[in-house]
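Here are a few short exercises to work through with the model open beside you. Try each one before reading its solution.

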Amino acid sequence: MAQLTADRRVLRADLHGDRIRAASGSMVAFEGDIDFKSAGMGAGGGMRAALKRAVAGESLSLMDCTGHGRAYLAKDAMDVLVVDLAGDTLTAESQHVLAHTDGLRLDVQFAGLRGMTSGQGLATTTVTGQGQVALVSEGPIMALEVAPGQDLVVDPDAYVGCRGQLQMGLVSGVSWKSLVGEGTGEPFSLRFSGHGLVLVQSAER
Amino acid sequence: MQTWNPATLPADDNVNPHVFCVALSGEWFMAKGAMLAYYGDVRFEAVTAYSSVASWVAARFSSPVYVQDWVVAAGHGKVLLGDRGFDLNAYDLDDGNLTIKANNLLAFDQRLELKQSIVPGFVTLLGTGKFIASSNGPVIFVEPPFRADPDALLGWADCPSPSVHHDTEWMSASMAGMLQGAMGRASGEERQYDFTGQGTVLLQSSEIAREDPAVLRLIESQTQLLTTSQAGTLGQRLVARAQQQQH
């Protein structure tokens, strides 16, 4: 079973004859016998997802890494976090996905109004299944718990992803508009309720 | 993976080197865009709007140039602050004064008073209270006499405002060549801030500066010092500069 290990800003991927998928161009070094090949249109979820992705403007270009050895992956010196999934779903902005193991399935989910307002396209990426996914972020990721009666409001620029049974709503209005800069910020923030975890980075994009 | 909730988040302390958590109970001044996320019942109002509700705001926030970049956060909850992934630090002022680069000031509690510094791009905090500032890399504390690069200068406490020092060689060269050519001959290091007297100077270990929208408003407000003909000359020079940069 391929193993992903985060080492601050570098991800170590140990391959034992199996396969992982990683963001195109993220390999910085490798040892052993590893093949890198563009995953092309099939980058997670097959043709249908690729089509949805093209329509929605969610861009995620992946490559297949197969073989024996260790690959070092990184992106823009961003911090790396490895999340273990056991059959549940992680939602993340596609530009934060660095790599994932073979047992996981990537799909596109329409984000509706939120994607429109944060200028990141209409869709976000969902990761489902059993395995590991590596996320990159500006500054370390914080995992913030959301529980009933314990809502969390997040700046769309700091939002990385979430997991669990969460509802996402938009907060707008005079109060929020006065908080973000003139013309530079979005006139919305995200309010999470329900039960789950929200991943937040420490810098605005 | 470590997770946080409102009960486990620290109160008025760092969550990690880049994120600070304010336990809000009452009012804080915060820079626009500094908030990453919050739990609880928190309202954010523009400083201008809030001053009509609470008259003390106008007395505490005495800087028309920066007023549009700030909000008042009121209510109860935990507010997480961050700034471009820079290092964040909280400072306690005890009946003191500290001047800091306006871009690097993220938040201060409502007991402190903010004034505009005479040095452009800097603000002064007065009184007793807590404030949060960011720095690119760790903060370095030095004592005067000291000369600092304007970009690396984060602020200073308890000492008089600095004067501008120009490199002697550069000065004699520009005097010999008559001052007109002086603007073009810059190594970027001939201008320094010179600190004298008692106090502490704060430096950050990087020179990356962000465009401060308030600098434009500040300089514009100072053009009132010019006579009409002087203002016309300045206008012509600025137009010439803009055209030169286009080519």
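Accessible areas here come from the Shrake-Rupley method with a 1.4 Å probe. Keep in mind that this is a predicted model.

**Exercise 1.** Describe the surface and the interior of chain B.

*Solution.* Start with the outside: the accessible surface of chain B comes to about 12,600 Å². Carbon and sulfur atoms account for 53% of that surface. Now turn inward: of the 247 residues in chain B, 46% are buried.

**Exercise 2.** Work out what secondary structure chain B has, and how its contacts span the sequence.

*Solution.* First count the elements: chain B has five helices and 16 strands. Next, take the contacts in chain B between residues at least 6 apart in sequence; 78% of these join residues at least 24 apart.

**Exercise 3.** Find which residues touch the most other members of the largest nonpolar core, then follow B:L81 outward.

*Solution.* The largest nonpolar core holds 52 residues. Those touching the most other members are B:M30, B:F61, B:W70, B:L81, B:L105, B:F108 and B:F131. Beyond its neighbours within four places in sequence, B:L81 contacts residues including B:F20, B:M30, B:L106 and B:I132. A second, separate core has 22 residues, among them A:L144, A:V154, B:A37 and B:Y39.

**Exercise 4.** Are A:C65 and A:C162 buried or exposed, and how many disulfides does the whole structure hold?

*Solution.* The cut-off for buried is under 20% relative accessible area. A:C65 has 0% relative accessibility, so A:C65 is buried. A:C162 has a relative accessible area of 11%, so A:C162 is buried. As for disulfides, a search over all chains finds zero.

Note on methods:
Residues numbered from 1 in each chain as written. Chains lettered and ligands numbered in written order. Predicted model: local features only at pLDDT ≥ 70, side-chain atom pairs only at ≥ 80, totals over all residues. Heavy atoms only, no water. Helix = DSSP H or I, 4+ residues; strand = E, 2+ residues; numbered from the N terminus. Buried < 20%, exposed > 50% of the residue type's maximum accessible area, 1.4 Å probe, protein only. Contact = heavy atoms within 4.5 Å. Disulfide = S-S within 2.5 Å. Core = buried A, V, L, I, M, F, W, Y, C linked by side-chain atoms within 4.5 Å.
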